[in-house]
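Biologist: I have a predicted model open and I'd like to learn how to read its domains, interfaces and ligand sites. Can you walk me through it?

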Amino acid sequence: MRTYIIRRLAQMVPVFLGIMLILFLLLQLAPGGPTGMLMDPRMSAEQKQELAEKYGENKPFYEKFISWMADAAKGNFGNSITHKKPVVEVIKDFIGNTFLLAIVSLLVGLFIGVPIGIVSATKQYSAVDYGTTIFSLIGVSLPAFFFGLLLLKIFAVELPWFPIFGLTNPLLRKADWIVRAIDKAHHLVLPVTVLGLTQAASFMRYTRSSMLEVIRQDYVRTARAKGLRDKVVIYKHAFRNAMIPIITLLGFSIPGLISGALMTETIFSLPGLGKISVEAVGQRNYPLILGINAMLSIVTLLSALIADLLYATADPRIRYD
Amino acid sequence: MKEKPILEVKNLKTYFYSDSGTVKAADDVSFEVYPEETLGIVGESGCGKSITCMSIMQLIETPPGKYEGGEIIFDGIDIMKASKKQIMEIRGNKISMIFQEPMTSLNPVFRVADQIAEAIMIHQKISKKEAREEAVLMLGKVGIPNPERVAKDYPFSLSGGMRQRVMIAMALACKPKILIADEPTTALDVTIQAQVLQLMNDLKKDYKTSVIFITHDLGVIAEMSDRVMVMYAGKVVELADVEELFTEPMHPYTIGLMKSKPDMKTTGDRLTVIQGNVPNLNQLPTGCAFHPRCPYAMDICREKAPDLRDLSSSRKIACWKEFQEEGMKNE
Amino acid sequence: MTSNTTVSKCLTGRKDKQVESFWSSIFKQFRKNKLAVVSFYVLLVIILACIFVPIFSPYTMEQTNMQEKSLPPSAAHWFGTDDIGRDLFTRLFVGGRISLGISLAVVALECVIGILLGTLAGYYGGFVDGLIMRIADIFLCFPFLIICITIVSIFSSGPVTLIVTLAVLSWPSIARIVRAQILSLRELEYMEACEALGISDSRRMFRHLLPNVMAYVIVYATLGIAGTILTETSLSFLGMGIRFPIPTWGNLIQAARNPAVLDKYWWYWVPSGVAIFLTVMCWNIIGDALRDAVDPKMKR
Ligand SMILES: Nc1ncnc2c1ncn2[C@@H]1O[C@H](COP(=O)(O)OP(=O)(O)OP(=O)(O)O)[C@@H](O)[C@H]1O
Ligand code: SF4
Ligand SMILES: [Mg+2]
């Protein structure tokens with residue numbers, strides 16, 4: 001286990017450096033360079049020169065990269081040009097909503113997708129199985145933005161049950177926390193439906209195929225031959241093994257989850273990273289957009305590490321290697 | 001006749017249905033198992049040995065399989081008609097099974113002792129702790145050195161021979177009346193094979209268990225069994241006491257098997273030396289399924305399948321060669 | 001497999017009878033899946049429509065007509081007109097050309113990169129493998145959508161930028177599949193036989209391993225097209241792909257972000273949503289069926 005973790009960490013270091021290097025290159029390639037936005041067309045050439053000097057524009061490439069990395073390590077990604085605040089502060093303001101949406105949807109997806117996937121695999125070729133297959137096929141084929149708009153059209157425009165946009169009702173700003181919590185939940189219903197069902201669809205597919213693979217294994221037959229009840233065979237012996245590849249896939253699906261959350265935010269105009277990224281790109285606010293990229297890449301890297309740890313706990317063959 | 005059989009299989013039919021046709025994996029199979037005896041089952045790969053035994057345990061996946069008829073009488077009940085609850089009480093408790101592949105037959109994510117204890121716990125209604133102690137005891141009985149330590153191991157850290165010992169411990173933990181061993185040593189090295197066979201013989205005597213022993217290996221059959229059943233293409237073709245069968249094989253297929261075995265003492269040979277191929281079970285030849293390969297084949301063999309008939313009190317055979325002579329005598 | 005057939009298989013390479021029957025058995029398996037066959041024809045109809053509707057339509061995609069703006073579907077305009085009177089039926093299929101064309105190009109480029117790097121990694125192992133796989137990890141860690149819009153905004157938003165960006169960000173999955181296949185095939189005995197015959201490295205790699213790997217790549221590519229269509233339409237929905245006035249399936253739906261459109265003009269955006277959904281679903285069904293045919297043990 002120790003060696004396994006150390007090995008995984010060692011593999012992560014170059015990946016992390018690579019990510020940062022690519023982002024740094026993008027920043028350099030951005031029109032006007034990293035300081036481009038600070039420059040005023042009215043400035044004289046000398047002033048520009050001075051500014052570039054001040055921001056270390058003229059240093060050699062590797063020095064610039066190292067100082068950028070050193071800043072990044074301290075959490076300093078520069079200032080967001082439009083917010084007049086450090087990038088980190090801006091991200092802090094918005095990342096909570098994105099995570100709320102992503103995590104709630106992930107949980108919804110897991111709690112719907114995994115059990116249905118199991119039942120579908122154990123009742124192969126039954127009506128339940130066909131229903132599941134069709135549902136998950138639709139779920140992975142329906143574009144999130146179209147699904148979101150359909151929900152908006154039906155449940156917010158035609159039937160005014162849910163708000164059309166935002167995460168809070170401004171009129172309730174001063175209300176009790178419980179009222180505000182309910183209000184937030186109310187705002188989240190449609191977005192979580194979109195993202196949660198998309199996630200559920202892919203977990204159903206994973207779980208079903210993983211279970212079908214495991215159910216055929218000899219040890220499942222052994223478990224049945226011992227006289228265990230079907231439920232114990234399926235949920236203890238089979239699922240415990242089917243879980244292992246699902247955990248791996250969980251790690252791989254984090255970038256997809258994040259992208260889905262960003263898309264969903266945009267459709268429902270939720271104040272999150274997705275919304276500010278799109279804005280930032282529109283305003284050519286490169287320090288902010290690259291800060292967001294770096295932040296989300298690190299989140300992905302960390303969740304991959306967590307998935308690895310879970311994987312190792314689930315699989316004794318790795319734990320004791 | 002001997003004492004009362006503890007297991008009677010009568011006209012068992014287990015078929016598989018697939019796109020490419022129907023496979024009659026066990027077709028009208030009948031035999032008995034007597035207390036404390038070892039019944040060996042031999043036959044080429046794919047002749048339905050495993051399916052017959054899995055049917056006794058009701059372990060066939062349905063679909064694609066289907067039990068198309070027959071009775072399996074054990075302890076006064078017909079397993080084919082038994083309730084789920086009755087079957088759960090029999091499985092792993094009164095009849096247990098060891099499989100061919102020790103490497104994959106144990107669940108990789110649970111500790112060895114827990115896997116054994118699980119069976120003890122449900123059948124003997126004792127606490128987890130007691131069941132674990134019992135499991136460690138069983139590990140000692142199957143000759144595993146340092147059982148306390150191995151009990152905490154996961155299967156991946158054990159060798160094939162050790163895993164098969166664990167399987168045996170698991171199968172015998174509830175002192176079953178019948179132990180079905182489906183090629184338990186085929187996947188093991190020759191030396192390990194001998195040790196495991198020895199162990200099974202010893203334990204069988206200790207536990208007074210009847211054994212159904214499936215193998216490809218006539219040497220092993222000769223060593224292990226009291227009676228032998230020969231199967232071909234889903235059917236029983238000959239059933240006899242072990243000495244009788246080896247001194248005077250009667251069914252042409254059995255004769256072929258004996259011939260293909262160069263030396264009684266060599267083990268590990270696969271029985272594929274008879275001329276011709278094992279037929280595809282979904283397109284069997286008409287009449288006696290063995291006729292394309294049989295040196296004694298007659299006209300009737302191509303038209304009508306012979307049924308399994310008593311030749312003497314201890315011997316049954318399904319072959320026109322024998323009945324034809326009998327028939328001629330009667331005329 | 002006896003060593004004789006091993007050697008002959010090695011010598012004759014992909015023209016081997018066994019290999020041919022491998023493809024035809026895949027085809028046969030595929031044909032058995034009725035849903036997949038239906039999807040294939042639906043997809044064919046969609047593709048043909050994308051090619052021919054813009055050619056034979058009485059309208060062009062830019063032709064505006066202020067007298068006929070925001071009309072609901074009718075005999076003259078099957079899917080109605082938009083706010084400046086353009087025929088939406090025509091625009092839908094022009095959009096389809098672009099969305100489908102870009103997605104196919106992305107997957108093709110992605111396959112080329114993925115196969116090349118995956119093969120190198122799987123075949124050479126060691127340092128090369130480590131390097132390529134770490135680079136793959138890097139690309140898998142980026143927040144896909146955001147890095148896409150970042151790159152597209154830095155390098156302008158033409159179709160070439162879009163295709164290259166998407167392909168460069170997506171090759172790692174194919175590379176991994178190819179690598180895994182090669183690693184398992186490398187173990188096979190016929191490679192040893194080839195070695196004994198002294199067939200050179202690169203020839204061995206490309207002539208003898210790739211046909212086996214191709215089957216998996218085709219499966220992945222088919223499913224990959226489905227995913228790429230979703231990504232491309234998402235980007236253009238965000239206004240980051242191909243931009244107005246050129247229609248794409250994604251930016252046609254963008255109209256619905258205007259509350260008035262969402263409220264009153266469903267025909268602006270529902271048809272392209274349905275078109276994306278149908279197309280993606282067809283590719284997914286075909287991909288699943290191909291996977292079942294290539295790898296029957298994966299089947300249900
Ligand atoms: N799930 C299944 N679907 C279709 N046919 C099956 C299935 N399982 C077994 N069969 C068929 O049943 C026949 C008997 O199989 P069985 O496993 O009993 O053979 P066996 O005598 O045990 O052979 P071996 O010595 O190789 O273990 C085989 O010909 C096989 O093709
Ligand atoms: S019945 Fe006929 S073909 Fe079959 S084994 Fe006997 S003699 Fe041979
Ligand atoms: Mg068998």
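Biologist: How far apart do the C-alpha centres of domain 1 of chain B and domain 2 of chain B lie?

Modeller: A centre-to-centre distance tells you where two parts sit, so read it along with the bounds. The two C-alpha centres in chain B are 30 Å apart. Domain 1 of chain B is made of three segments, 7-94, 174-263 and 271-330, while domain 2 covers 104-173. In the contact, 19 residues come from domain 1 of chain B and 16 from domain 2 of chain B.

Biologist: And what area do domain 1 of chain B and domain 2 of chain B bury between them?

Modeller: Look at the total and then at the kind of atom behind it. Here the total is about 1400 Å², with 65% of it on carbon and sulfur atoms. On the domain 1 side, Cys174(B), Leu199(B) and Tyr207(B) lose the most area to domain 2 of chain B, and together they make up 37% of what that side buries.

Biologist: How many salt bridges does the rule find across the interface of domain 1 of chain B and domain 2 of chain B?

Modeller: Zero. Polar contacts are a separate count, and between these two domains of chain B there are six residue pairs, both residues at pLDDT 80 or more. For secondary structure, α2 (84-90) and α8 (190-207) of chain B each give two or more residues to the domain 1 side. The largest share comes from α8(B), with seven residues. Sorted by class, that side of domain 1 of chain B has 12 nonpolar, four polar and three charged residues.

Biologist: Let's try the same reading on chain A. Where do domain 1 and domain 2 of chain A run?

Modeller: Domain 1 of chain A spans 2-86 and domain 2 spans 93-314. Their centres, taken over C-alpha atoms, are separated by 33 Å. At the contact, 22 residues of domain 1 of chain A meet 20 residues of domain 2 of chain A. The two domains of chain A bury about 1900 Å², and carbon and sulfur atoms give 76% of that. Tyr4(A), Met12(A) and Phe77(A) are the domain 1 residues that lose the most area to domain 2 of chain A, together 26% of what their side buries.

Biologist: How many salt bridges cross the interface of domain 1 of chain A and domain 2 of chain A?

Modeller: The rule finds two. To check a salt bridge by eye, go to the side chains and look at the N to O distance. Lys85(A) and Asp93(A) pair up this way, at 2.7 Å. There are also two residue pairs in polar contact between the two domains of chain A, again with both residues at pLDDT 80 or more. α1 (2-29) and β1 (79-80) of chain A each supply at least two residues to the domain 1 side, and α1(A) gives the most, 12 residues. By class, that side of domain 1 of chain A has 16 nonpolar, four polar and two charged residues.

Biologist: What about contacts between chains, say how many residues of chain A touch chain C?

Modeller: The reading is alike, just with whole chains as the partners. 54 residues of chain A are in contact with 46 residues of chain C, and the area buried between chain A and chain C is about 4400 Å², 74% of it from carbon and sulfur atoms. Phe145(A), Phe146(A) and Leu149(A) lose the most area on the chain A side, together 13% of what that side buries.

Biologist: Which residues form the salt bridge between chain A and chain C?

Modeller: The count there is one. Arg205(A) pairs with Asp288(C), with their closest N and O atoms 3.1 Å apart. Eight residue pairs are in polar contact across the interface of chain A and chain C, both residues at pLDDT 80 or more. Several elements give two or more residues to the chain A side, among them α1, α6 (144-158) and α7 (177-215) of chain A. That side of chain A has 36 nonpolar, 10 polar and eight charged residues.

Biologist: Now the ligands. Which residues are closest to ligand 1?

Modeller: Start with the shell, then pick out the polar atoms. 14 residues surround ligand 1, and the closest are Ser45(B), Gly46(B), Ser50(B), Ile51(B) and Glu183(B). Ile51(B) has a polar backbone atom 2.8 Å from an oxygen atom of ligand 1. For Gly48(B), a backbone N or O atom lies 3.1 Å from a ligand 1 oxygen. Glu183(B) uses its side chain: a polar atom there is 2.9 Å from an oxygen atom of ligand 1.

Biologist: And how do the residues of the shell around ligand 2 divide by class?

Modeller: Nine are nonpolar, two polar and none charged. The residues surrounding ligand 2 include Cys288(B), Cys294(B), Cys301(B) and Cys319(B), as well as His251(B) and His291(B).

Definitions and conventions:
Residues numbered from 1 in each chain as written. Chains lettered and ligands numbered in written order. Predicted model: local features only at pLDDT ≥ 70, side-chain atom pairs only at ≥ 80, totals over all residues. Heavy atoms only, no water. Domains from an automatic or database assignment. Contact = heavy atoms within 4.5 Å. Buried area = accessible area lost by both parts, 1.4 Å probe. Salt bridge = Lys/Arg side-chain N within 4 Å of Asp/Glu carboxyl O. Polar contact = N/O pair within 3.5 Å; in protein donor to acceptor, adjacent residues only side chain to side chain. Helix = DSSP H or I, 4+ residues; strand = E, 2+ residues; numbered from the N terminus. Nonpolar A, V, L, I, M, F, W, Y, C, P; charged D, E, K, R; others polar. Near = heavy atom within 4 Å.
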